[in-house]
Amino acid sequence: MAQAAAVAKPPAPPGRRRASATPRRLPYLLIAPAALLMLGFIAYPVVSVFYYSLQNYNPTKPWRNGYAGFDNFVHAFTSDPQFWGTLTFSAKWVVVEVGLQLLFGLALALIVNQTFVGRAVGRALVFSPWAVSGVLTSAIWVLLYNSQTGITRYLADMGIGSYGTSWLSDTATVFPAAIVADLWRGVPFFAILILADLQSVSRDLYEAAEVDGATRLQQFWHITLPHLKDAIVLSTLLRAVWEFNNVDLLYTLTGGGPAGETTTLPLYIANTSVDAHNFGYASALTTVAFVILLFCSIVYLRLSKFGGGNK
């Protein structure tokens, strides 16, 4: 016992214990201001939306303001045909846009992944539309679709169509026209992510497959696609959320028209809040959209088995 007491080290002074604890806390102290700011900028708007979704809140009609309970949600699901129409169009818009962007993005990624003269320039041209903002993209395509100076004017000069045709004002052509405009900007996003993952595929796999007599299609199906699975799942999920929330392009191109043909749910929410000043009902619609996106994202990740390591 005496020897153990002699060998035991004396306790560290209180000042040294405090000094040794400070470095462990220092990283948390340094990121605390940024974390608090992010929490404030994210948590406060979310909580505010949930709060106002249970209220009748219209600044232009203050006498009607007050607690509404779930009346806004009941009205959306039972008495508002625009809600179901815009939700249906949003689903159609997301499925078509994300599907086409994935196909064209995958094709472009496979092309620019090959070795050819001017590959760096080709990659820059392919990826450049992604650097353009949504509003500027809309402005470019508004000019291209202009009935007096745009594509339709030159097609009419060649005897295709008639002069004065506006694709953005015709209910039969406005959807394809808007699809093409958003494809121009969205395809590079898929191309960038897929190309980054393609470059990590070992060439040894393809060489071994060639030795075994596998065709190009078989190599793509059994080597390339399985390796790209997580990149495709993540990119499609992100792009689906962004396309669902797309407001700037459609608002600038069509304003939701003609006759409400291109009004998505987020655009309907924006019109309800900004134009009609009905912030309570708009908050309820936003809450519904949030729940729909959250549910679909969870189901999609579960079904796709994202991160399962199947490469």
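Helices H4 and H12 are oblique to each other in this predicted model, because an angle of about 140 degrees falls outside the ranges set for roughly parallel, roughly perpendicular and roughly antiparallel pairs, the last of which begins over 145 degrees. Helix H4 covers residues 81-112 and helix H12 covers residues 265-275, and the axes of the two lie 8 Å apart. On the H4 side, the contact is formed by Gln82, Phe83, Thr86, Leu87 and Ser90. The H12 side contributes Leu265, Pro266 and Tyr268. Of the residues in this contact, five are nonpolar and three are polar, with no charged residue present.

A second helix pair consists of H5 (residues 119-127) and H8 (residues 174-198), whose axes come within 8 Å and cross at roughly 135 degrees. H5 is therefore oblique to H8. Arg123, Val126 and Phe127 of H5 meet Pro188, Ala191, Ile192 and Leu195 of H8. The contact of H5 with H8 comprises six nonpolar residues and one charged residue, and no polar residue takes part.

The unreviewed UniProt entry lists residues 26-54, 93-112, 124-144 and 279-301 under "transmembrane region". Two of these spans were examined for secondary structure and extent. Residues 26-54 are 93% helix and 0% strand, and the C-alpha atoms at the two ends of the span are 42 Å apart. For residues 279-301, the helix content is 100% and the strand content 0%, with the end C-alpha atoms separated by 32 Å.

How values were computed. Residues numbered from 1 in each chain as written. Predicted model: local features only at pLDDT ≥ 70, side-chain atom pairs only at ≥ 80, totals over all residues. Heavy atoms only, no water. UniProt positions renumbered as here; feature names shortened; annotations may be inferred. Helix = DSSP H or I, 4+ residues; strand = E, 2+ residues; numbered from the N terminus. Axes fitted to C-alpha atoms, helices over the stretch in contact; angles between N-to-C directions. Parallel < 35°, antiparallel > 145°, perpendicular 65-115°, else oblique. Contact = heavy atoms within 4.5 Å. Nonpolar A, V, L, I, M, F, W, Y, C, P; charged D, E, K, R; others polar.
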